[in-house]
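Let's take a relaxed walk through a protein model. Keep the 3D view open and turn it as you read.

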Amino acid sequence: MTAKTLGLLNEADRIRSESNFDFSDEIIEAIYAEAGKIANESIVTNGSKSRDWSGFFDNIVTSPITGIPIMIIGLATIFYITIWGANYPSQMIATGLFYIEGVMAGLFDSMGAPWWLTGFIWHGVYRGLAWVIAVMLPPMAIFFPMFTLLEDLGYLPRVAFNLDPLFRKVGAHGKQALTMSMGFGCNAAGIISTRIIDSPRERLIAIITNNFVPCNGRFPTLIMISIIFVAAEFPPGLTALIASLSVVSIVMIGVVVTLGVSFVLSKTVLKGEASTFALELPPYRRPKILRVLYTSLIDRTIIVLWRAIIWAAPAGAVIWLLGNIHMDGSTLTSISANFLDPLGRVIGLDGVVLLTYIIAIPANEIVIPTMIMAYMNESAMLELSSLEELRQLLVVDHGWTLITGINLMLFSLLHSPCSTTIYTIWKETGSVKWTTLATFIPLFLAFLVTFVVYQLSVLLGFPG
């Protein structure tokens with residue numbers, strides 16, 4: 001490209017940026033006006049006006065007044081069905097898989113296998129896999145079909161239409177709202193869904209910020225901590241309501257962070273203007289159930305679960321080794337937690353929490369059982385039978401406070417993506433640079449936000 005051509009392009013770009021004239025919008029409006037004119041001249045009706053149900057619903061679901069509330073209520077309904085509906089299948093799957101663990105470990109023992117071989121294979125690798133499958137599979141098997149159903153129904157493009165102005169203001173694409181919604185099920189699936197964004201720049205923004213949407217794997221931690229610490233400060237009759245509002249508040253913080261980081265990226269390393277989003281709203285249509293099931297179960301659930309399994313197996317092995325290798329009378333888990341403790345205390349947490357998030361990076365689903373293992377100095381992941389036992393362990397035995405609970409929820413929301421998501425980012429971008437940024441921007445924000453919250457709580461005299 002010659003210097004003269006480059007100069008002309010720069011001059012054109014300057015004039016365009018200083019002008020309020022949107023060339024793309026003008027072209028699209030002209031095309032639609034001409035199409036309407038042709039339709040009016042060509043279509044003959046019998047004079048009776050049939051009721052336009054599609055237009056009637058669109059006036060409601062895309063209204064500036066009712067569109068956003070309907071969207072939030074719909075999303076909250078999907079959350080509720082997913083969390084409530086996944087509970088029992090998760091317990092059944094866990095019971096079945098852990099029964100197999102007990103049987104196989106007993107079989108190894110009866111065959112005279114050394115304890116370390118039985119422990120490594122069945123209480124390490126297999127238990128890690130079992131935990132991930134039991135926690136991940138039911139929510140995804142419920143969430144993805146419902147999400148795909150809304151997509152097939154024709155509602156999701158209306159969601160993108162409602163949120164497009166908000167995302168355009170931060171230099172992102174309206175379809176990013178859809179990829180965020182998919183992230184609630186699984187961030188790796190949310191990353192894959194960014195393929196619907198044509199602009200490479202805006203797709204990268206959507207990929208880098210998708211982690212700020214809490215996935216299913218993080219919801220168990222958020223719900224348990226909100227019940228134990230936040231809802232406990234209110235009368236028992238309000239426990240469920242306060243816990244739900246706490247989780248929704250964390251989700252809203254994630255949305256605000258997503259918009260903020262998108263704005264910063266669009267002004268720095270991914271500088272540029274938001275592309276024109278000319279969305280033609282499709283008609284409402286009857287969903288095709290077989291296509292919905294295939295898309296949600298094969299294209300999304302199975303692929304994401306398989307990627308999680310690939311990473312969960314070595315994680316289970318590492319967790320077991322850390323809990324069973326001793327040095328000077330202490331396990332590697334205790335030694336590592338003590339080493340990280342000063343850093344954890346600065347942000348209102350402790351070394352066990354940081355260690356847990358490091359070794360549980362393959363899957364957020366194993367954070368709580370790994371944390372319990374570390375606090376109780378056990379040799380394998382385990383679960384407590386009630387929230388009261390967990391409260392006793394955290395509050396009474398290890399001095400957790402309300403600030404600790406809040407900071408753990410913030411850290412869980414903002415920390416780096418799980419290894420399945422990181423691997424998916426690398427597969428989708430093919431770039432070490434963008435994968436690194438997508439990994440460390442959330443981690444930096446997690447430390448920054450929890451540091452500020454904790455230090456402010458100390459200044460204000462709250463027990464830390």
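Which residue takes a positive phi just after H15? It is Asn377, with a phi of about 55°. Keep in mind as you look around that this is a predicted model.

**The whole chain**

Start with the big picture. The protein chain has 19 helices and 2 strands. Of its 464 residues, 47% count as buried. The chain exposes about 23,700 Å², and carbon and sulfur atoms supply 68% of that area. Now take the contacts in the chain with a separation of 6 or more: 76% of them join residues 24 or more positions apart.

**Two unusual phi angles**

Back to Asn377, which has its positive phi although it is not a glycine. Most residues other than glycine have a negative phi. You'll find Asn377 in the loop between H15 and helix H16 (387-397). Asp328 also has a positive phi, near 55°, and is likewise a residue other than glycine. Look for Asp328 in the loop between strand S1 (326-327) and strand S2 (330-331).

Are these two buried or exposed? Asp328 counts as exposed because its relative accessibility is 82%. Asn377 counts as partly exposed, at 48% relative accessibility. Here they are with two other residues that come up in this report:

| Residue | Relative accessibility | Class |
|---|---|---|
| Asp328 | 82% | exposed |
| Asn377 | 48% | partly exposed |
| Phe462 | 48% | partly exposed |
| Leu117 | 27% | partly exposed |

Leu117 from the table sits in helix H5 (residues 115-153). Its C-alpha atom is separated by 9.6 Å from that of Ala105, and the two residues are 12 residues apart along the chain.

**Helices under cover**

Next, the helix just before Asn377. How many of the 10 residues in H15 are buried? The count is 9, so helix H15 (residues 367-376) is mostly covered; buried here means under 20% relative accessible area. Those buried residues are Val367, Ile368, Pro369, Thr370, Met371, Ile372, Met373, Ala374 and Tyr375.

Helix H10 (residues 219-230) is largely enclosed by the rest of the structure, because 9 of its 12 residues are buried. Its buried residues include Phe219, Leu222, Ile225 and Phe229. Thr221 and Ser226 are also on that list.

**Where H13 and H19 cross**

Two packed helices are described by the angle between their axes and the distance between the axes. Try that on helix H13 (residues 332-346) and H19: their axes come within 8 Å and cross at roughly 65°. That makes H13 roughly perpendicular to H19. Who meets whom? From H13 come Leu343, Arg345 and Val346, and they meet Phe447, Phe451, Tyr454 and Gln455 in H19.

**A nonpolar patch on the surface**

Stay with H19 and look at the outside. Which residues make the nonpolar surface patch of about 910 Å²? They are Val346, Phe444, Leu448, Phe451, Val452, Leu456, Leu459, Leu460 and Phe462. Helix H19 (residues 432-459) gives the largest share of the patch, 6 residues. Val346 and Phe451 belong to this patch, and both also take part in the meeting of H13 and H19. Phe462 lies in the segment after H19, and with 48% relative accessibility it counts as partly exposed.

Notes. Residues are numbered from 1 along each chain as its sequence is written. This is a predicted model: local features need pLDDT of at least 70, side-chain atom pairs count only at pLDDT 80 or more; totals for chains, interfaces and linings use all residues. Side-chain values use heavy atoms; hydrogens and water are left out. Patches are made of residues with over 30% relative accessible area and no salt bridge: like charges are joined within 9 Å, nonpolar side chains (Val, Leu, Ile, Met, Phe, Trp, Tyr) within 5 Å. Accessible areas come from the Shrake-Rupley method with a 1.4 Å probe; for residues, only the protein chains shown count as cover. A salt bridge is a side-chain nitrogen of Lys or Arg within 4 Å of a carboxyl oxygen of Asp or Glu. Helices (H or I, at least four residues) and strands (E, at least two) are DSSP runs, numbered from the N terminus. Buried means under 20% relative accessible area, exposed over 50%, partly exposed in between (1.4 Å probe, protein chains only). Contact means heavy atoms within 4.5 Å. Axes are lines fitted to C-alpha atoms, for helices over the stretch in contact, and angles run from 0 to 180 degrees between N-to-C directions. Angles under 35 degrees count as roughly parallel, over 145 as roughly antiparallel, 65 to 115 as roughly perpendicular and the rest as oblique.
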